[in-house]
Amino acid sequence: MMSTKYKRIVLKLSGEALAGDNNFGIDPKTMKKIAQELKDVYQLGVEIAIVCGGGNIWRGKTGEEIGMERAQADYMGMLATIMNALGLQDALENLEVPTRVQTSIEMRQIAEPYIRRKAVRHLEKDRVVIFAGGTGNPYFSTDTAAALRAAEIEADVILMAKNGVDGVYTADPKVDQNAEKFSELSHTEVITKGLQVMDATASSLSMDNDIPIVVFNLNERGNIRRVVEGEEIGTTVRG
């Protein structure tokens, strides 16, 4: 077993990251590539928990924009995250990585209900745990779910895997060529400057529980492993 900087991680995967170049749905090749990278990290002896987004299938804000009740739209988004989690579970288990999906909304026929002690026990038994369904409540993002689960399972770090963006910038680097990248920030700076690392609720929760966040580019092969091993890539947010 190799020495790593982090022993227990929460990886926040956006739904868009699973869509690949299609911008919608699940791309099997992309899913397989992510699963292989996770296996590489798993073989280092790192305990891995994952929180899936659902934006590749449905966003609560989309429903709200067309006149749908916000709570109803958010519940649809939670179901989207569960679909992504099941797909990722299958991809990991095809690579012989033992995996459990836990949902904040009970679906006993397809996944376990979220139980903190059981999740920790799975991690201790070298199983990857995928948390699906967000927090189980409308009006809360999957970023907040990642911060909440990280605090509950006492994770060492939250890894924010971004789709094509290699850190936190002063502005959107895809729009503003003069945007400058931060190598390190404090949680307070993220909140006061309104930087789009994660939403304010998730940032506050991470700050209150002193959980560092590393924002990095998922699309560059091997980046998850590099972060876990302690290489300085992306942007690190500390307390």
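This section describes the pockets, salt bridges and annotated binding-site residues of a predicted model.

The largest pocket encloses about 1400 Å³ of space. Its lining comprises 47 residues, and those closest to the pocket centre are Lys-12, Glu-16, Arg-59, Asp-143 and Lys-162. Several secondary-structure elements contribute at least two lining residues each: helices H1 (15–19), H3 (60–65), H4 (70–93) and H6 (142–152), together with strands S6 (157–162) and S7 (168–169). Helix H4 provides the largest share of this lining, with five residues. Sorted by class, the lining of the largest pocket consists of 19 polar, 16 nonpolar and twelve charged residues.

The second largest pocket has a volume of about 180 Å³. Thirteen residues line this pocket, and Ala-17, Gly-20, Asp-21, Asn-163 and Asn-219 are nearest its centre. Helix H1 and helix H2 (28–42) each supply at least two residues of the lining. The class composition of the second largest pocket is five polar, four nonpolar and four charged residues. Helix H1 thus appears among the contributors to the largest pocket and among those to the second largest pocket.

Eleven salt bridges were counted in the model. Side chains of opposite charge can pair when their charged atoms come close. One of the bridges joins Arg-59 to Glu-16, with 2.1 Å between the closest N and O atoms. Arg-59 is located in the loop between strand S2 (47–52) and H3, while Glu-16 belongs to helix H1, so this pair links parts of the chain that are 43 residues apart in sequence. Both partners are partly exposed: the relative accessible area is 43% for Arg-59 and 25% for Glu-16. Arg-59 and Glu-16 are also among the residues closest to the centre of the largest pocket.

A further salt bridge is formed within helix H6, where Arg-149 and Glu-152 lie three residues apart, about one turn of the helix. The N to O distance for this pair is 2.8 Å. Arg-149 is buried, at 4% relative accessibility, whereas Glu-152 is partly exposed, with a relative accessible area of 25%. The side chains of Arg-108 and Glu-106 are likewise paired, at an N to O distance of 3.0 Å, and both of these residues are exposed.

An unreviewed UniProt entry lists Lys-12, Leu-13, Ser-14, Gly-15, Gly-55, Arg-59, Asn-163, Tyr-169 and Asp-172 under "binding site". These positions span 161 residues in sequence, and their farthest two C-alpha atoms are 24.3 Å apart, so the set does not all gather at one spot. From this set, Lys-12, Ser-14, Gly-15, Gly-55, Arg-59, Asn-163, Tyr-169 and Asp-172 are part of the lining of the largest pocket.

Two of the listed residues were examined individually. Ser-14 occupies the loop between strand S1 (8–13) and H1. Ser-14 is buried, with a relative accessibility of 17%. Apart from neighbours within four places in sequence, Ser-14 is in contact with Gly-53 and Ala-161. Asn-163 is situated in the loop between S6 and S7. Its relative accessibility is 28%, which places Asn-163 in the partly exposed class. When residues up to four places away in sequence are excluded, Asn-163 touches Glu-16, Ala-17, Lys-174, Asn-217 and Asn-219. Among these contacts, Ala-17 and Asn-219 are, with Asn-163, listed as lying nearest the centre of the second largest pocket, while Glu-16 is the salt-bridge partner of Arg-59.

Definitions and conventions
Residues are numbered from 1 along each chain as its sequence is written. This is a predicted model: local features need pLDDT of at least 70, side-chain atom pairs count only at pLDDT 80 or more; totals for chains, interfaces and linings use all residues. Side-chain values use heavy atoms; hydrogens and water are left out. On a 1 Å grid over the protein atoms alone, a cavity is a set of points where a 1.4 Å probe fits but cannot get out, and a pocket is an open set with protein on both sides within 12 Å along at least five of seven lines; lining residues have an atom within 4 Å of a point. Grid points are joined across faces, edges and corners, and a volume is the space filled by probe spheres set on the points. Helices (H or I, at least four residues) and strands (E, at least two) are DSSP runs, numbered from the N terminus. Ala, Val, Leu, Ile, Met, Phe, Trp, Tyr, Cys and Pro count as nonpolar, Asp, Glu, Lys and Arg as charged, and the others, Gly among them, as polar. A salt bridge is a side-chain nitrogen of Lys or Arg within 4 Å of a carboxyl oxygen of Asp or Glu. Buried means under 20% relative accessible area, exposed over 50%, partly exposed in between (1.4 Å probe, protein chains only). UniProt positions are given in the numbering used here, feature names are shortened, and annotations may be inferred rather than shown by experiment. Contact means heavy atoms within 4.5 Å.
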